[in-house]
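Dear colleague,

Please find below the structure that I am handing over to you. I should be grateful if you would read the notes that come after it with the coordinates open.

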Amino acid sequence: MKEQQTAGVPIKSRIGGQALIEGVMMRGLDRSAMAVRKPDGEIDVSISPLQAGKAMQVIGKIPIVRGVFNFIQSIVIGYRCLGKSAEIAGLEEEEGEPSKFEQWLDRTFGDHLMKIITGVGMLLGVAACILLFILLPSLVVKGLDMLVPLHGWKSLIEGILKMGIFIGYLALITRMKEIHRVFQYHGAEHKTIFCYENGLPLTVENVKKQKRFHPRCGTSFMILMLILSILVSSLMTWDSLWLRTVLKIASLPLVMGIGYELIKIAGRYDNILTKIISWPGLMLQRLTTFEPEDDQMEVAIASMLPVIPENRDEDRW
């Protein structure tokens with residue numbers, strides 16, 4: 001049984017996950033698993049292999065570069081699983097009959113409709129991030145500088161605005177009932193990973209005792225990216241706002257790559273340096289990770305069991 005195979009000495013695992021709508025997705029060494037609570041109370045579990053070609057295997061060994069590809073892959077897989085979880089959880093059924101426009105889309109694009117919607121959604125998400133976290137703060141600071149000369153403080157003020165927008169956005173969406181439940185599943189995901197890492201059998205009682213803040217969390221990665229982007233953008237010109245924007249966009253792969261390496265270090269070691277790296281993310285997780293209910297932990301456990309390797313030592317970082 002996989003429950004028994006989790007027992008042993010504590011390890012630093014490479015398994016990661018993501019909260020979904022009424023569910024959790026876990027990514028293991030060679031497969032991912034998605035568990036979603038259906039409207040009838042049953043847990044739907046689906047398992048998918050993680051295939052990596054020779055090119056990706058090579059890229060996976062290159063520091064910085066691997067972080068960019070891993071981030072993009074995580075976004076694509078996560079977005080796809082989010083859509084599937086909404087369907088399994090019955091969210092789409094609650095919305096009633098499809099409109100004439102939705103029926104036309106279904107007739108026109110057929111099986112390709114979901115891929116198109118996913119692609120458009122991701123593009124809109126990227127555009128929104130560029131507007132909110134790259135262009136808007138620079139515009140505000142540029143305007144303030146015209147009223148009151150900010151001199152060498154411009155980059156710092158711009159960074160504070162970025163942080164404020166990000167934290168304010170998180171604080172706002174947590175007030176939504178549906179998002180609050182997703183963040184509870186986020187807590188269930190973290191607790192389940194901790195339970196496995198601590199070598200305990202995966203039971204609700206054992207999972208319940210674990211911490212809900214994890215150093216390898218995506219929230220921690222996002223806040224690290226913001227901090228790194230502030231440091232990098234402080235070296236860029238303010239003479240041209242558009243040039244500054246282009247330079248900041250061009251530097252995103254570097255920021256992603258460094259952030260990924262830092263998250264890996266924080267997840268692998270436990271010392272004063274990793275505590276410093278992890279601290280901002282652990283604090284911010286108070287907005288994105290809530291205490292789960294028992295049935296939510298059951299779902300997280302169901303998503304974890306299929307991705308645990310037969311030989312636990314293979315998962316040692």
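The notes below cover a sheet and its helices, then a pocket, and then a single proline.

Please bear in mind throughout that this is a predicted model.

The sheet

The sheet is open and consists of 4 strands in the order 1-2-3-4, with antiparallel pairing. Its edges are strand 1 (16–20) and strand 4 (43–49), each of which pairs on one side only. From one strand to the next, the twist averages 15°. Within the sheet, strand 2 (residues 23–27) and strand 3 (residues 31–37) are joined by 5 bridges in the antiparallel sense. Val24, for instance, has Ala35 in strand 3 as its bridge partner.

Two helices that pack on the sheet deserve mention. Helix 3 (residues 65–88) touches strand 1, strand 2, strand 3 and strand 4, and its direction makes about 40° with that of strand 1. Helix 14 (residues 294–304) also packs on the sheet; its contacts are with strand 2, strand 3 and strand 4, and its direction makes about 155° with that of strand 3.

The second largest pocket

The second largest pocket holds about 400 Å³ of space. It is lined by 18 residues, and those closest to its centre are Lys12, Phe194, Lys211, Pro215 and Asp270. Which elements give two or more residues to this lining? They are helix 8 (177–197), helix 12 (252–268) and helix 13 (272–288). Helix 13 provides the largest share, with 4 residues. By residue class, the lining of this pocket divides into 8 nonpolar, 5 polar and 5 charged residues.

Pro10

Pro10 lies in the loop between helix 1 (2–5) and strand 1, the latter being an edge strand of the sheet described above. Is Pro10 buried or exposed? The relative accessible area of Pro10 is 55%, and the residue is therefore classed as exposed, since that class begins over 50%. Leaving aside residues up to four places away in sequence, Pro10 touches Glu197, Asn198 and Arg316. Of these contacts, the one with Arg316 links positions 306 residues apart along the chain, and the C-alpha atoms of Pro10 and Arg316 are separated by 9.5 Å.

With this, the structure passes into your hands.

Yours sincerely

Terms used: Residues are numbered from 1 along each chain as its sequence is written. This is a predicted model: local features need pLDDT of at least 70, side-chain atom pairs count only at pLDDT 80 or more; totals for chains, interfaces and linings use all residues. Side-chain values use heavy atoms; hydrogens and water are left out. On a 1 Å grid over the protein atoms alone, a cavity is a set of points where a 1.4 Å probe fits but cannot get out, and a pocket is an open set with protein on both sides within 12 Å along at least five of seven lines; lining residues have an atom within 4 Å of a point. Grid points are joined across faces, edges and corners, and a volume is the space filled by probe spheres set on the points. Ala, Val, Leu, Ile, Met, Phe, Trp, Tyr, Cys and Pro count as nonpolar, Asp, Glu, Lys and Arg as charged, and the others, Gly among them, as polar. Two strands pair if DSSP finds at least two bridges between them. Axes are lines fitted to C-alpha atoms, for helices over the stretch in contact, and angles run from 0 to 180 degrees between N-to-C directions. Contact means heavy atoms within 4.5 Å. Buried means under 20% relative accessible area, exposed over 50%, partly exposed in between (1.4 Å probe, protein chains only).
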